[in-house]
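Please find below a short set of notes on the fold, arranged as numbered points. They are meant to be read alongside the coordinates.

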Amino acid sequence: MKKITVFIFLLFLLVGCSQSNVQHNKDLEDSIYSIVDDKNKSEISMKSLTTFDWDKAFLFTPYSTQEAIEEELGTDFKDTSNISMRDDIYLLVFLDGDKVVQYVEIERRGSDFSIREKGHLTPSNDVISIERH
């Protein structure tokens, strides 16, 4: 019985800590907003704004479901933004290898964002287009 209790405790510990390394990067959000607020700019180069290691980034549109996010990422990710019920943000999730390392919530601020048909960003193909209303 004691082994089962220890196993259950360790299982809960692992589940609770599985995303402890994932950071909501508010500094990066502020950097993105400074570009979005400049009406003369129509693109955001993510590599020039990031200070952490990443090899893929995925941009999720308003109303994206938890299932669609995890399927696209190919890994577990707990979306704390509740984007599936929101139309005021985009979610940008960065991976290093197969692990989510950071994410940002990008307020629309009268704009839509796109990575076109790329599917995902990479450090060498890192441009998000801004379309203003």
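1. Which residue in strand 5 does Gln 23 stand opposite? The residue is Gln 102. This is a predicted model, and the remarks that follow should be read accordingly.

2. The pair just named belongs to the contact between strand 1 and strand 5 (residues 99-107), which run parallel and are joined by two bridges. His 24 also has a bridge partner in strand 5, namely Tyr 103. Tyr 103 is, in addition, the bridge partner of Val 93.

3. These strands are part of an open sheet of four strands, ordered 1-5-4-3, in which the pairing is mixed. Its edges are formed by strand 1 (23-24) and strand 3 (56-60), each of which pairs on one side only. Strand 4 and strand 5 are linked by eight bridges in the antiparallel sense. Their hairpin leaves two residues between the strands, and Gly 97 there adopts a positive phi near 70°.

4. Two helices should be considered together with this sheet. Helix 2 (residues 26-36) lies across strand 1, strand 4 (89-96) and strand 5, and runs at about 40° to strand 5. Helix 4 (residues 66-73) also packs on the sheet, where it touches strand 3, strand 4 and strand 5. The direction of helix 4 makes about 160° with that of strand 3.

5. A further open sheet comprises three strands in the order 2-7-6, with antiparallel pairing. Strand 2 (43-45) and strand 6 are the edge strands, each pairing on one side only. On average, neighbouring strands of this sheet are turned by 25° against each other, direction ignored. Strand 2 and strand 7 (residues 127-132) run antiparallel and are joined by three bridges; Ser 45 stands opposite Val 127 of strand 7.

6. The largest nonpolar core contains 21 residues, of which Ile 44, Met 46, Leu 92, Ile 106, Phe 113 and Ile 128 touch the most other members. At least two residues of this core come from each of helix 2, strand 3, strand 4, strand 5 and strand 7. Helix 2 provides the largest share, with five residues. Leaving aside residues up to four places away in sequence, Ile 106 touches Ile 32, Tyr 33, Leu 59, Asp 88, Ile 89, Tyr 90, Leu 92 and Phe 113. A second, separate core has 13 residues, including Val 22, Ile 83, Leu 91 and Tyr 103.

7. Two backbone conformations merit a comment. Most residues other than glycine have a negative phi. Tyr 63, however, has a positive phi near 70°; this residue is found in the loop between strand 3 and helix 4. Arg 109 likewise shows a positive phi, near 45°, and is found in the loop between strand 5 and strand 6 (111-114).

8. Are the side chains' parent residues at these two positions buried or exposed, or partly exposed? Tyr 63 has a relative accessible area of 47% and is therefore classed as partly exposed, since the exposed class requires over 50%. Arg 109, with a relative accessible area of 37%, is likewise partly exposed, because this value falls between the limits of under 20% for buried and over 50% for exposed.

Key:
Residues numbered from 1 in each chain as written. Predicted model: local features only at pLDDT ≥ 70, side-chain atom pairs only at ≥ 80, totals over all residues. Heavy atoms only, no water. Pairing = 2+ DSSP bridges. Contact = heavy atoms within 4.5 Å. Axes fitted to C-alpha atoms, helices over the stretch in contact; angles between N-to-C directions. Buried < 20%, exposed > 50% of the residue type's maximum accessible area, 1.4 Å probe, protein only. Core = buried A, V, L, I, M, F, W, Y, C linked by side-chain atoms within 4.5 Å.
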